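Here is a colleague's note, written to be read slowly and with the model open beside it. Please follow each numbered point on the structure itself before going on to the next one.

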Amino acid sequence: MSSLAATLSDSVVITKRNLIKVKRVPDLIVFSTLSPIMFVVMFRYVFGGAIGGLPPGVSYAEFLLPGIFAQTVVFGSTITGASLADDLQKGLIDRFRSLPMARSAVLVGRTVADLGLNAISIAVMALTGLVVGWRINSSFGEAVGGFLVLLLFAYAISWLMAVVGLLVRTPEVVQNASFIVIFPLTFVASTFVPLETFPSVLRTFAEWNPVSAVAQAARELFGNFPAGAPVPDAWSLQNPVLYTVIWTVVILAVFVPLSVRLYQRTATR
Amino acid sequence: MDDAIVVEGLVKRFGETTALDGVDLTVAEGSVLGLLGPNGAGKTTVVRILTTLLRADAGRVRVAGLDVVDDADAVRASIGLTGQYAAVDEYLTGFENLEMVGRLYRLGRREARARAGELLERFDLVDAGDRPAKTYSGGMRRRLDIAASLIARPRILFLDEPTTGLDPRSRLGMWEFIADLADGGTTILLTTQYLEEADRLADRMVVIDRGRVIARGTADELKAQVGGQRLEFTVTTAAVLPDILARLRGLAVDEPHVDEQARRLSLPVSGGAEVLAEALQRLDGHTAEIVDVGLRRPDLDDVFLALTGHAAEETATDDQPVEPAPTGGMA
């Protein structure tokens, strides 16, 4: 077997293993679908009336949903770190490392399975969104592009979380630690409210925050940001798809090799 | 006979601590080596290095004729590892666990499934085979774990404390499985803190303490190092011990040991059953106070105590006042 084919085959075995867990532990799927539904409904109806400053012709539901998509997939990716830490704690990583399998397969299988979970989350949120008034106003191709940008960025974040999981080694701590980083990253952004209301320092951070770009990219691709709306000042938000792709590539280029390296050296203590 | 495992001058440091300080050992093809030592002696570190999980700071390790660093993948293909944790995925069923590991050893789908079925049968897990491993008892998890490490029929098997935490019945069962494997020609390196376990399963033993080898040989050789046989008497009341000792002192070939707390007298002797008969004769008329008489050979616990100055299992130290090595001056 060539080494690429072997890596693929091993990764498929691991992905399958991780998806079996999703099937056997319904809590996982319940949490990754219920909390997004809760967010959609809560923001739409609790804050929706109070949030202004939207581009003319855009309803809050249309503005909100791409933001919620972005926030949810980034949160969803934290599971990668927690799951790896769990495998490490239970001695499973030792077992895998003692097998003649591809070095990257455990990580590829993990991130791919988590991508699958995120895809399910987005699907559920999109359906909920349609119920509360969100609409896709673009072509089929653009809409697919919107979902792809979201999932691609989430996939990159999964690899970042893989490094965190392998370093931190305790699932609960991974959850808490990532919360501290992910929460500001997804809230100090144009996910839920327009940036115009932010104080200046926070606004600059939010403009260059990749999560804002992901949300903005999704808005453009779903047609939730009409052509006539005022163009944002920052380059990152004028070219959100490109900016998101750059971030994704950089994150992957750094964290894929780093996590594979860490994986090879790590062992249960 | 070729050596399946050759370890020379193994050194491993973790920061300031030297975990292994020049360990040498060899394991002949098809034999069982017991690696003994108290907690923290470095047993698991040795296993981790030999199974490619950890890199040594110095020394050379060949497993199945291959260097563990340069040929790590080929080494992994010829070994099986059962670590201290039962490394099974608790959400997968027993069958799924075995199939997964089989696939990762690069067995074809059909072969992985066939082997999984065989091993479930062999390890008495057929009924539990389609239940998630979460529902298994500790003993069942261990058996599944060992089954997983055997799926690709490895030539060399590493078992790191395979019976720690098992109840006595599961432990006996596990011993039978391991003895069967050894009979089948698998080379086994087994670590344990239970001397009885090593005595029963291992052809040869290496004793390590604080990262160094302190003794090696067969169980008999190790016992011979510690000393010969002893005559032991346990009595109803410590008050009669001096009298008994006075009658028997002439039979001792070395300093006798009196343990008042245990109401026990222990005499190093030579001559076997004849000495026992002679002793009983000398005690004529005093046997009413004696509850137990025995001719004992040192067991591995004695070996351990004599070699390391502390007992094999840590819990033994903080109990009662520590009994000096029963073999007295021989240690």
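1. The place to begin in this predicted model is Arg219(A), which is buried because 26 other C-beta atoms lie within 10 Å, where 20 or more are needed for a residue to be called buried. Arg219(A) belongs to helix α9 of chain A, which covers residues 210-222. Leaving aside residues up to four places away in sequence, Arg219(A) touches Pro66(A), Asn224(A) and Phe225(A). For a sense of scale, Arg219(A) and Val106(A) are separated by 113 residues in sequence and by 34 Å in space, from C-alpha to C-alpha.

2. What does the secondary structure of chain A consist of? Chain A comes to 11 helices and zero strands, so please do not look for a sheet in chain A, since a strand here means a DSSP run of E with at least two residues. Of the 269 residues in chain A, 47% are buried. Among contacts in chain A with a separation of 6 or more, 86% are between residues 24 or more positions apart.

3. The overall dimensions of chain A can be checked against a simple rule. A compact globule with 269 residues would have a radius of gyration near 18 Å, and the 19 Å of chain A therefore agrees with that expectation. Taken along the principal axes, the C-alpha atoms of chain A fill a box of roughly 60 × 35 × 35 Å.

4. Arg169(A) deserves a look at its backbone, as its phi is near 70°, a positive value in a residue other than glycine. Arg169(A) sits in the loop between α6 (140-168) and α7 (171-187) of chain A. Is Arg169(A) buried or exposed? The answer lies in between: Arg169(A) is partly exposed, because 19 other C-beta atoms lie within 10 Å, while a buried residue would need 20 or more.

5. Where chain A meets chain B, 19 residues of chain A are in contact with 23 residues of chain B. On the chain A side, the elements giving two or more residues are α1 (3-24) and α4 (92-97) of chain A, and α1(A) gives the most, with six residues. By character, the residues on that side of chain A divide into eight nonpolar, three polar and eight charged.

6. Chain B contains an open sheet of six strands in the order β6-β7-β8-β3-β9-β10, with mixed pairing. Why do β6 (79-82) and β10 (212-217) of chain B each have one side without a neighbour in the sheet? These two strands stand at the edges with a single partner strand each, so one side of each is left free of a neighbour there. From one strand to the next, the twist averages 15°.

7. Two pairings show what the word mixed refers to in this sheet. β3(B) and β9(B) pair in the parallel sense over four bridges, and in this part of the sheet Leu33(B) stands opposite Arg204(B) in β9(B). Strand β9 of chain B, residues 204-209, pairs with β10(B) in the antiparallel sense over five bridges, and the bridge partner of Met205(B) in β10(B) is Gly217(B). The hairpin of β9(B) and β10(B) has two residues between the strands, and Arg210(B) takes a positive phi near 50° there.

8. Helices should be viewed together with this sheet. Helix α1 of chain B, residues 43-50, packs on the sheet and touches β3 (32-36), β7 (156-160), β8 (187-192) and β9 of chain B, with a direction at about 150° to that of β7(B). Helix α8 of chain B, residues 219-226, lies across β9 and β10 of chain B and runs at about 110° to β10(B).

9. Another positive phi in chain B is that of Arg263(B), near 50° in a residue other than glycine. Arg263(B) is found in the loop between β12 (257-259) and β13 (264-268) of chain B. Arg263(B) is partly exposed, because 19 other C-beta atoms lie within 10 Å.

10. Finally, the confidence of the prediction should be read with care. The model scores ipTM 0.89 and pTM 0.84, and chain B averages a pLDDT of 86, with 92% of the residues scoring at least 70. Within chain B, confidence is lowest in helix α11 (residues 300-308), at a mean of 73, and highest in helix α3 (residues 94-104), at 97. Over residues 314-331 of chain B, pLDDT stays under 50, and the model has 31 contacts beyond four places in sequence for these residues.

Note on methods: Residues numbered from 1 in each chain as written. Chains lettered and ligands numbered in written order. Predicted model: local features only at pLDDT ≥ 70, side-chain atom pairs only at ≥ 80, totals over all residues. Contact = placed C-beta atoms within 7 Å. Nonpolar A, V, L, I, M, F, W, Y, C, P; charged D, E, K, R; others polar. Pairing = 2+ DSSP bridges. Axes fitted to C-alpha atoms, helices over the stretch in contact; angles between N-to-C directions. pLDDT = per-residue confidence, 0-100. Buried ≥ 20, exposed ≤ 12 C-beta atoms within 10 Å, placed from the backbone. Rg over C-alpha atoms; globule rule 2.2 N^0.38 Å.
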